[in-house]
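Work through the exercises below with the sequence and the model open. Each task is followed by a stepwise solution.

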Amino acid sequence: MPVTQFNISGLTDEQVIKARVSHGQNKLVFKKENGFLDAVKSLVKEPMVILLLVASSVYFISGQSGDAIFLALAIVLVATISLYQDSRSRNALEKLKSFTQPNAKVIRNSEVIDIPTEELVMGDYLLIEEGGAIAADGTIVHSNDFSVNESILTGESLSVYKDAAKEDPFVFSGTTVSSGLGIAVITAIGNETKLGKIGKSLEGIAEEATPLEQQISSFVKKMVLLGTFVFLVVWGINFYHSRQLLDSLLKALTLAMSILPEEIPVAFTTFMALGAWRLMKMGILVKQMKTVETLGSATVICTDKTGTLTENKMSLAKTFVLATQLIADADTNSKEQQELVRLAMWASEPIPFDPMELALHNSYISSSKEDERPQFRMIHEYPLEGTPPMMTHIFENKEGKRIIAAKGAPEALVSISTLSSAETTAIENAIEAMARDGYRILAVAEADFAGTDFPEKQQYLSFRIKGLVAFYDPPKQNIQQVLQDFYTAGIQVKIVTGDNAATTTSIAKEIGFRGWEKSITGEALMQLSDAELRATVNNTHLFTRMFPDAKLKIINALKEQQEIVAMTGDGVNDGPALKAAHIGIAMGQKGTEIAKQAASLILLEDDLSKMVEAVAMGRRIYTNLKKAIQYIISIHIPIILTVFLPLALGWIYPNIFTPVHVIFLELIMGPTCSIIYENEPMEQNTMQQKPRPFSTTFFNWKELTTSIVQGIFITAGTLFIYQYAVQQRSNEAVTRSMVFTVLIAANIFLTLVNRSFYYSLLTTLRYRNKLVLLIIGITIAITGSLLFIKPLAAFFQFEPLSLTQLATCIVTGFVSVTWFELIKWQKRRNTPA
């Protein structure tokens, strides 16, 4: 964009290169985290790794070097899998971070250009506007009614007005622009900024764990404590009976290893990080991990109208000139219309970024014979403020000719202008006529003022309304389908907009919005009692002429009624409501930096349909994580009981499994839960269900009972085979082979059955997940090798099974799991999808 208002050319490309060579990039670089080393340190502290190290050492000491080497290799394999999963998670999060880098506007080569903030250099002319974040330290050279919120540095929440002529003409990185426009020469970047110099203190701040993380961590800690207790008890009992220290220690270690659910935290981290990465690939940037947990629970979405439901492609469609009292198309080009458009342009920002102001500048250029803009400079500015809002600009040329132009909500300008009753009626009729057709309407006024002692507030000027300008912003083509998708998913949609009721109602009706018939204004909302407010936010879906306090009141009232609220926003005034909502959604293209900072999620393409996809992905991630953890619980129970019961009950083969067998089963479970289930597609009825309650517990008792009962049935299958083998007078090796085969078969069938707790196995087999066959194929191949390749069978103390024995084990594993298909069939019968 060429610079027409300021006599600043900025740096040339050559000067930019020299400055970057001399001073580097605009990056804050402190202590670099070594992700790999940190992951290794964390791994060494893992209970399972510690148990494997102890067991391996015991085998070495007792002379069983083969078992010791196997467990040492298992440690390497466990470490490799954990580090691989950690690497996947870290890489996904690093890529997410790269997308959060904001852009900045600079003047270079006499042009205003957008560049990533990292590319700012010393000496750049930084253009900073209302709602933007300041990306480097600098000295102001030009400003219009420019104020900055420096609370990040000073703790003071009130905005500070800045000007080149004041004692404090400096701006600092990390602060945000509260109002106006400024141009600053950059004097410090990266670590040399004021924020960079105090940034070291931020290193030690740890990110707070999410509720689900805390629940999972608590569960794992409890299981570790249980494992420790059982380990000590079993070790003591065995030692008391056998007086063999190392043998009893190995038996106790076997049971302790079977209890530890170390796959759960790995699964959680993998699901959340890769979920955030998948969302980013869809054009949805997740800034906070807890958002992934919350997405599937959203019950209400509060959305803006302009740019969210509509295209945000404003075109000047109609004008109403008060002098002629005529509504005309924008291209009529009469003298009175030209003057009205010219005045509206002067009331806009000199460098426009708002779609309506861009439309006014474009209309002015196309209708005027001469471009007056280079001849005038802004000498005073009143930013957009008030309820309803308005703004005023004061320009002057070299001859002292002055233009005072204002635009804003018609109610704002009508209330402070001198009008006859006939003129007021004419304006009201024009507003009603144009609003019925869905136009967005602004009033335009002018004033006279001599001298430089400008009033404190723009409302104190004596304004004369010249007319109205009406813009048309067409609804997005896909918005009807988007709304229908939200309704189908059981999510309420509420429009919360600063526009007037007539225009909003017209657009809402056009797009098939439910509840368009009833609306309330921000002013009326603020007068309600608490009880009336609660009833109103439940029953009303159209909120017009809303301002920050009113938006915040809506969000909080919905939250008080246990709704999970998502809120879209793009402006400075949306910040408080975005932060208060469970899911704050900022627009990536038209959103201000303040909105993006306050939000927990950014739609990179400003497309609300992406929010439907985000909710679907949130539900998918949460559902698949629950499947994975239910699978872990179900498969751990038979391992624990198969190790413990023969030992506790004094059966003929008490040591049916050793640490070698348990760790092999653990190595099968890890990839199954964190690779297969993470990659599962969304079930076809997911977006037809109501949002899940956002409760403090991950599982309800019914789900937990299901997992426990599944585990008990599999245990029954393994112990049945144990007793069957004993009755057939099989030796210990054959009995172990059969019990192990049942567990592997049950593991495979459980993986398939638990892909859905509603749809049948025949349905889920058609789900697209290439990893299912791969992981199951590898598991079958390895199990076959252990049973039928003599050196491996000897090492694991197995013996090859006959075809009858093998078939019996597979059928037992199948029956011990697939009984749950009857429960799913009954559920489908009672609650059709």
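**Exercise 1. Describe the sheet that contains β8: its strand order, its edges and its twist.**

Step 1. Eight strands make up an open sheet, ordered β8-β22-β21-β20-β9-β17-β19-β18, with mixed pairing. Strands (E, at least two residues) and helices (H or I, at least four) are DSSP runs numbered from the N terminus, and two strands pair if DSSP finds at least two bridges between them.

Step 2. β8 (284-286) and β18 (519-521) are the edge strands, each pairing on one side only.

Step 3. From one strand to the next, the twist averages 20°. Axes are lines fitted to C-alpha atoms, for helices over the stretch in contact, and angles run from 0 to 180 degrees between N-to-C directions.

Step 4. Inside the sheet, β9 (residues 300-303) and β17 (residues 492-496) run parallel and are joined by 4 bridges. Cys-302 stands opposite Lys-494 in β17.

Step 5. Helix α19 (residues 548-560) packs on this sheet and touches β9, β17, β19 (542-544) and β20 (565-569); a contact means heavy atoms within 4.5 Å. The direction of α19 makes about 165° with that of β20.

The model is predicted: local features need pLDDT of at least 70, side-chain atom pairs count only at pLDDT 80 or more, and totals for chains, interfaces and linings use all residues. Residues are numbered from 1 along each chain as its sequence is written, and side-chain values use heavy atoms, with hydrogens and water left out.

**Exercise 2. Describe the sheet that contains β15, and state why β15 is called largely enclosed.**

Step 1. The order is β11-β10-β16-β15-β14-β13-β12, an open sheet of 7 strands with antiparallel pairing. Its edges are β11 (326-329) and β12 (376-385), each paired on one side only.

Step 2. On average, neighbouring strands of this sheet are turned by 20° against each other, direction ignored.

Step 3. β15 pairs with β14 over 4 bridges and with β16 over 8 bridges, in the antiparallel sense. Lys-407 stands opposite Val-444 in β15, while Ala-445 has Ile-465 in β16 as its bridge partner.

Step 4. On β16 (residues 463-472), there is also an antiparallel pairing with β10 (residues 315-321) over 6 bridges. There, Thr-319 has Val-469 as its bridge partner.

Step 5. Helix α12 (residues 355-367) packs on the sheet, with β10, β13 (390-397), β14 (402-408), β15 (440-447) and β16 among its contacts. Its direction makes about 75° with that of β10.

Step 6. Of the 8 residues of β15, 7 are buried, so the strand is largely enclosed by the rest of the structure. Buried means under 20% relative accessible area, exposed over 50%, and partly exposed in between (1.4 Å probe, protein chains only).

**Exercise 3. At what angle do α22 and α24 pack?**

Step 1. Helix α22 (residues 609-648) and helix α24 (residues 701-727) pack at about 35°, with axes 8 Å apart.

Step 2. By class, their contact has 13 nonpolar, 9 polar and 2 charged residues. Ala, Val, Leu, Ile, Met, Phe, Trp, Tyr, Cys and Pro count as nonpolar, Asp, Glu, Lys and Arg as charged, and the others, Gly among them, as polar.

**Exercise 4. Over residues 200-208, what does pLDDT stay under?**

Step 1. pLDDT, the predictor's confidence in each residue from 0 to 100, has a chain mean of 83.

Step 2. Over residues 200-208 it stays under 50. Where pLDDT is low, the predicted coordinates should not be read in detail.
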